[in-house]
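Thank you for making the time this morning. I would like to walk you through a few helices and then say a word about the cysteines, so please have the sequence and the structure open.

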Amino acid sequence: MPRSQIKPILGVCLCTLLALACSGKARENPAPVASTASEPEAPLGAPLKATLASAPEVPPPSGRHAPAKVVVELEVREVVLPIADGVQYTFWTYGGHVPGRFIRVREGDTVEFHLQNHPDSKMPHNIDLHAVTGPGGGATSTFTAPGHQTQFTFKALMSGLYVYHCATAPVGMHVANGMYGLIYVEPRQVLPKVDREFYIMQGDFYTVGKYREKGAQPFDMQKAIEENATYVVFNGSEGSLVGDKALHAKVGEKIRIFVGNGGPNLTSSFHVIGEIFDRVYTEGGTKFQENVQTTVVPPGGSSIVEFTVEVPGTYIIVDHSLFRAFNKGAIGMLKVEGPEQKGVYSGQEVDSVYLSDKAQTSNALERAAAGLQQGTLTKEAQIAAGQQLFLGTCSTCHQPDGRGLPNAFPPLAKSDFLMADKKRSMGIVLNGLKGKVTVNGMEFDSVMPPMSHLTDDDLANILTFVRNSWGNSGDAVSSKEMADMRAGTARPPGAGH
C-alpha cells in the first residue's frame, strides 16, 4: 500500500479508538440499524390502488409480506363545514374532511402519488409527506393549481406513523385551515393484531370570532401568529367524536388509536380518562413505552396508543391541557358496551362534569343558532339550547335539578332572588358575584365566577332556560340584551371578554 494512503487510514483508526475510550468502552452489542434503501426490494405483482379512509376510520392492514407498487390518489377540496354548532368555517382539506384521508402502505413499497386540486379551489396547494425521503417530502414535486394534477414516486424506506401536510406559502395558514393527515408505513414485522383501530388527529384553529360565536368565521392570521387558538379540536370540529359520532367498542377488546397532531402550533397531551395505555409507540416510531397515562404529541408528530377496555361505560378523550378540552373543544367519547366488572370498577356510567354540554346528544344548539341567524328564534328553542348548555356550565354547583347545595350554592329552583330582577341576574352570570346573598330565606356566602367567556347567545339561552324551569316562569333573555349588558358593564379582573 502506498505511504500516502497509510496515514489517513491510521488517522481514522486512531480517531475511532479515542472515541471509544472517551465513551468508556466499545459497544459489545450495537443497536440494530433501521432498514434503508441499501437493500432495495423490487415491487411484486401488478400495481395496487391504495384504500384510503376518512377519520375516525382506518384502512385495513395490507396483509402483504412483500413490497408492491401502490398508487395513491388524493384530492384537495376547499369546503365549508361546521367547526362547532352554528359555526361555519372554510376548511382546506385533503379529501373533503379534516384530517385528510388515512393512507396505509408497507415498508419497502414504491408509492406513486397523485395529487389533484379541485377546479373550484381558490388556492394552489401541494403536499409534504413526512414518510418521504427527498427534498420537501414531495412538496417540491406537487405544487398544484386549481383544476390540475401532479405526480411523483417515492420509496417507503422507514416504517412508522407519519404526518402529511400542505407546504405552500404561507405554510402555517394552509396547515391552520386543516391541510394535514396521517400516512402509516407498516413495518415488515407487523404490529400485533387488535380488535379495533381508530384515527384521531388534533388541530388548532384561529377564527376572527370568539369560541362558538355563530355564523361563518374567517381565519385570523394575527391570532395564529400569536398562537392564540380559538378552537382546539379532534378531527376537524368540536363535535366530531361525541354523541352519535362517538367511537364504539366492547368490553375485553384491544384498541389501537393512530394519533396525529396537525398543529400548526400547539403540542397535544393525549389522554383517555379512565384508561391506561398498555403501549405507546412514541412519536409514531418502532419503540414503545408501557403503562402510560398521557402521551405528548408535537405539532407535525404522531403516536400509536394501545389499550384494552375492561369496564363498560363512556370514556372521555381529551387533550389534557384541560382548558383546550372544556373551553376550546378538544373532547371526544369512546363508548364501551358489555358486562359490568364490579371487581375492577363500580362507579357511575356517565360523568357530566367531564362530558360538559355533550352529556346529552341533541341538535338544540344548532337549531337555536339557525333560528337566531334567520330571525326566527323562539323561546322554546332557547330553553332547549339553554338546558344543554346548563349541564356543562352550571349543573356542578347548582345541580341538574336546580336545587343547589345547602350552605354552599344557592338554589335556582323557585328562586326569589333570581326572579326578582332580570337585569341583576344577567349581570351576575356575565360578571360573577361575591359576598352574601339571601335566597328563599337562606343565606349563602360563596363565589360565582364570571361566565363572560361564553357568547351572548349562549348566556341568553342559559338564562332563558333557568328562568323557565323548576317552578320559575319569566320572559326570555335575548342575545341583544346580553350584548348591551356586556357593553355597559366592566369585566372584573381575570374575567374573559
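Let me begin with helix 11, whose buried residues pack against helix 6, helix 7, helix 9 (416-420), helix 10 (422-431) and helix 12 (479-488). Please keep in mind throughout that this is a predicted model. Helix 11 is mostly covered, with 11 of its 11 residues counted as buried, and among them are Asp 456, Asp 457 and Asp 458 as well as Leu 459, Ile 462 and Phe 465.

Turning to helix 7, we can check its length, because at 1.5 Å a residue the 15 residues from 379 to 393 should span 21 Å, and the 20 Å between its end C-alpha atoms agrees with that. Its buried residues are Gln 382, Ala 385, Gly 386, Gln 388, Leu 389, Phe 390 and Leu 391, and these pack against helix 6 (364-374), helix 8 (395-398) and helix 11 (456-466). As a reminder, an α-helix has 3.6 residues a turn, so residues three or four places apart point the same way.

Now to the cysteines: how many disulfides does a search of the whole structure find? The search finds 0. Cys 397, for instance, is in no disulfide, and the nearest cysteine sulfur, which belongs to Cys 394, is 8.6 Å away, whereas a disulfide would need the two sulfur atoms within 2.5 Å. Cys 397 counts as partly exposed because its relative accessibility is 30%, while Cys 166, at 0% relative accessibility, counts as buried.

Technical notes:
Residues numbered from 1 in each chain as written. Predicted model: local features only at pLDDT ≥ 70, side-chain atom pairs only at ≥ 80, totals over all residues. Heavy atoms only, no water. Helix = DSSP H or I, 4+ residues; strand = E, 2+ residues; numbered from the N terminus. Expected span 1.5 Å × (residues − 1). Buried < 20%, exposed > 50% of the residue type's maximum accessible area, 1.4 Å probe, protein only. Contact = heavy atoms within 4.5 Å.
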